[in-house]
Amino acid sequence: MSVEREGMDDLSDVVSESAATLTERRWFVAMAGMLILMMAVIVFTGVTQMLHPMSDVETIDATSLHKSGEFTENNLGVTSQTGEGVTVRIVAQQYMFVPHCVTVPSKTPIQFRLTSADVTHGFFVGETNTNAMVVPGFVTTVRTSFGKSGDLEMPCDEFCGYGHHGMAARVIVVPKETFDNMSSDERMSCGTE
């Protein structure tokens, strides 16, 4: 069955099959080359950033962090630094934060120092813009301050396994005068739960 169209009697304006095939192959090679280049950039960036992570990075041995150094059990929680604010040290592990509750003063510079003992976790203090990833082998430092007193949830916001939905801690913000009169045990306890 042939279909004749007006003005199509002369087929000399139509591109030959060999020219069309050649053009398609050139476009295929160009697109494949671009795809390979993009994948190479992604792999290169991922590998180099794993070897040399960006930002102010501290490394730590996640397999022995509980044995000695900054993140031993006795060093966890809230410590006051005269004139410099407060430092809070927390270890994230499946499926809890240790300690599970900390009390900090309002209107005071606070430095959270976190690390993970196992997998990547998320650090998020509800109702604030305090948010970071906690990666095994690295120390995450987050500086913030809280303008008013309150009880804030601190859930893990990075999927870390089957128990992720239950992984949360609390940050209780109290007036500075109240905080100064609290013992170190009271600063790491939320009372009876």
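**Note on the predicted model: Ser116, the cores and the strands**

1. Serine 116 is buried in this model, with a relative accessible area of 0%, and the model itself is a predicted one. The residue is found in strand β6, a strand that spans 110-116. The burial call follows from the cut-off, because buried means under 20% relative accessible area.

2. The side chain of serine 116 has two polar partners worth inspecting. A polar atom of this side chain lies 3.2 Å from the backbone nitrogen of aspartate 118, and the side chain also reaches the backbone oxygen of valine 119 at 2.5 Å. Leaving aside neighbours within four places in sequence, serine 116 is in contact with Ala62, Leu65, Ala92, His121, Val134, Val135, Pro136 and Gly137.

3. Which residues have the most contacts inside the largest nonpolar core? They are Val88, Phe112, Phe123, Phe146 and Val171, in a core of 31 residues. At least two residues of this core come from each of β3 (85-93), β5 (101-105), β6 (110-116), β8 (131-134), β10 (150-155) and β11 (168-174), and it is β11 that gives the most, with five residues.

4. A second, separate core has six residues, among them Ala62, Leu65, Phe71 and Val139. Ala62 and Leu65 are also among the residues in contact with serine 116.

5. Valine 171, when its neighbours within four places in sequence are left aside, is in contact with Val102, Val104, Phe112, Val125, Phe146, Gly150, Asp151, Leu152 and Met154. Of these partners, Phe112 and Phe146 are, like Val171, listed with the most contacts inside the largest core.

6. Three strands form an open sheet with mixed pairing, in the order β5-β11-β10. Because β5 and β10 stand at the edges, each with a single partner strand, one side of each is left without a neighbour in the sheet. Neighbouring strands of this sheet are turned by 25° against each other on average, direction ignored. Within the sheet, β10 and β11 pair in the antiparallel sense over six bridges, and glycine 150 stands opposite valine 173 in β11.

7. How many residues separate β7 and β8 in their hairpin? There are six residues between them, and glutamate 127 in the turn has a positive phi of about 65°. Strand β7 (residues 121-124) pairs with β8 in the antiparallel sense over four bridges, with histidine 121 opposite valine 134 in β8. Both His121 and Val134 are among the residues in contact with serine 116, which links the hairpin back to the point where this note began.

Notes. Residues numbered from 1 in each chain as written. Predicted model: local features only at pLDDT ≥ 70, side-chain atom pairs only at ≥ 80, totals over all residues. Heavy atoms only, no water. Core = buried A, V, L, I, M, F, W, Y, C linked by side-chain atoms within 4.5 Å. Buried < 20%, exposed > 50% of the residue type's maximum accessible area, 1.4 Å probe, protein only. Contact = heavy atoms within 4.5 Å. Pairing = 2+ DSSP bridges. Axes fitted to C-alpha atoms, helices over the stretch in contact; angles between N-to-C directions. Polar contact = N/O pair within 3.5 Å; in protein donor to acceptor, adjacent residues only side chain to side chain.
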